[in-house]
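Grab a pencil and work through these exercises with the structure open beside you. Try each task before you peek at the solution.

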Amino acid sequence: DVRTAVRAGLLEFNFTFVPETEFIPLVLAARDPAGNLVGGLVGEVMPGWKWLFISLLWVSPSHRRERIGTELMREVEDEARRRGCAYAYTNTMSFQALGFYEKLGYAVFGVQEDFPPGQRRFFVSKLLG
């Protein structure tokens, strides 16, 4: 498959300049007492580079303000620390959760303007120390 070949080729090139690392997926789920999915987080740790990347975080609108997102973030950050990570990063749109991440100690390190049109995308990171 093309995606697999392109990724392998890029990693082979990259690893001539930086330490090799695994890309370990992390998937967390939050469920209500009935077992229904009410939130989740998808990310990956790169222990050789000491980084956690959070690609997706979602909480059902009916369960927001119950600290589910905060708990998912704490859980993934703890797992990343156990795996040797010192840093975390993610991105969020202007209409999403910048304030949420800032309350958790994340700081903006980049902004993509007009993405999507009329909005901004914020790149945020945190020292996990």
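The exercises below go from the whole chain down to single residues, and the model you are looking at is a predicted one.

**Exercise 1. The overall fold**

Task: Work out how many helices and strands the protein has, and in what pattern they follow each other.

Solution:
- Step 1. Count the elements: there are three helices and six strands.
- Step 2. Now read along the sequence, and you get the pattern α-β-β-β-α-β-α-β-β.
- Step 3. For a feel of the dimensions, picture a box of roughly 45 × 35 × 35 Å along the principal axes, filled by the C-alpha atoms.
- Step 4. Of the 129 residues, 34% are buried.
- Step 5. The protein exposes about 8200 Å², and carbon and sulfur atoms supply 56% of that.
- Step 6. Take the contacts with a separation of 6 or more: 50% of them come from residues 24 or more positions apart.

**Exercise 2. A helix and its cover**

Task: Check the span of helix H2 against the expected value, then find what covers its buried residues.

Solution:
- Step 1. Helix H2 runs over residues 68-82, which is 15 residues.
- Step 2. From first C-alpha to last, H2 reaches 21 Å, close to the 21 Å expected at 1.5 Å a residue.
- Step 3. Next, look for buried residues in H2: among them are Ile68, Leu72, Met73, Val76 and Ala80, and also the charged-type names Glu77 and Glu79.
- Step 4. The cover over the buried residues of H2 includes strands S1, S2 (37-46), S3 (51-59) and S6 (120-127), along with helix H3 (98-103).
- Step 5. Step just past the end of H2 and you meet Gly84, with a positive phi of about 95°.

**Exercise 3. Glu77 and its partners**

Task: Decide whether Glu77 is buried or exposed, and find its salt-bridge partner one helical turn away.

Solution:
- Step 1. Locate Glu77: it lies in helix H2.
- Step 2. Its relative accessibility is 4%, so Glu77 counts as buried, the cut-off being under 20%.
- Step 3. Leave aside neighbours within four places in sequence, and Glu77 is in contact with Leu52, Tyr106, Lys126 and Leu128.
- Step 4. Arg81 forms a salt bridge with Glu77, and their closest N and O atoms are 3.9 Å apart. That fits the cut-off of within 4 Å.
- Step 5. Why can these two meet? Arg81 and Glu77 are four residues apart in H2, so about one helical turn separates them.
- Step 6. The general rule behind this: an α-helix has 3.6 residues a turn, so residues three or four places apart point the same way.
- Step 7. Unlike buried Glu77, Arg81 is partly exposed, with a relative accessible area of 33%.
- Step 8. Zoom out a little: Glu77, Asp78, Arg81 and Lys126 are linked in a network of salt bridges.

**Exercise 4. More salt bridges**

Task: Give the number of salt bridges in the model, then describe the one made by Arg83 and the one made by Arg120.

Solution:
- Step 1. The count comes to six salt bridges.
- Step 2. Arg83 pairs with Glu79, with the closest N and O atoms 2.6 Å apart. Arg83 is partly exposed, at 34% relative accessible area.
- Step 3. Arg120 meets Glu113 through their side chains, at 2.9 Å from N to O. Arg120 counts as partly exposed, at 34% relative accessibility.

**Exercise 5. Two strand residues**

Task: Which of these is buried and which is exposed: Thr92 or Leu127?

Solution:
- Step 1. Thr92 is in strand S4 (residues 87-93), and Leu127 is in strand S6.
- Step 2. Thr92 has 2% relative accessibility, so Thr92 counts as buried.
- Step 3. Leu127 has 60%, so Leu127 counts as exposed.
- Step 4. Follow the side chain of Thr92: it makes a polar contact with the side chain of Gln96 at 3.4 Å and reaches the backbone nitrogen of Ala97 at 3.1 Å.
- Step 5. Beyond four places in sequence, the residues touched by Thr92 include Leu98, Tyr101 and Phe122, while Leu127 touches Ala86 and Tyr87.
- Step 6. Leu127 and Ala86 are 41 residues apart along the chain, yet their C-alpha atoms are separated by 6.0 Å.

Conventions. Residues are numbered from 1 along each chain as its sequence is written. This is a predicted model: local features need pLDDT of at least 70, side-chain atom pairs count only at pLDDT 80 or more; totals for chains, interfaces and linings use all residues. Side-chain values use heavy atoms; hydrogens and water are left out. Helices (H or I, at least four residues) and strands (E, at least two) are DSSP runs, numbered from the N terminus. Buried means under 20% relative accessible area, exposed over 50%, partly exposed in between (1.4 Å probe, protein chains only). A polar contact is a pair of N or O atoms within 3.5 Å; within protein, one must be able to donate a hydrogen and the other to accept it, and residues adjacent in sequence count only if both atoms are side-chain atoms. Contact means heavy atoms within 4.5 Å. Accessible areas come from the Shrake-Rupley method with a 1.4 Å probe; for residues, only the protein chains shown count as cover. The expected span of a helix is 1.5 Å times one less than its number of residues.
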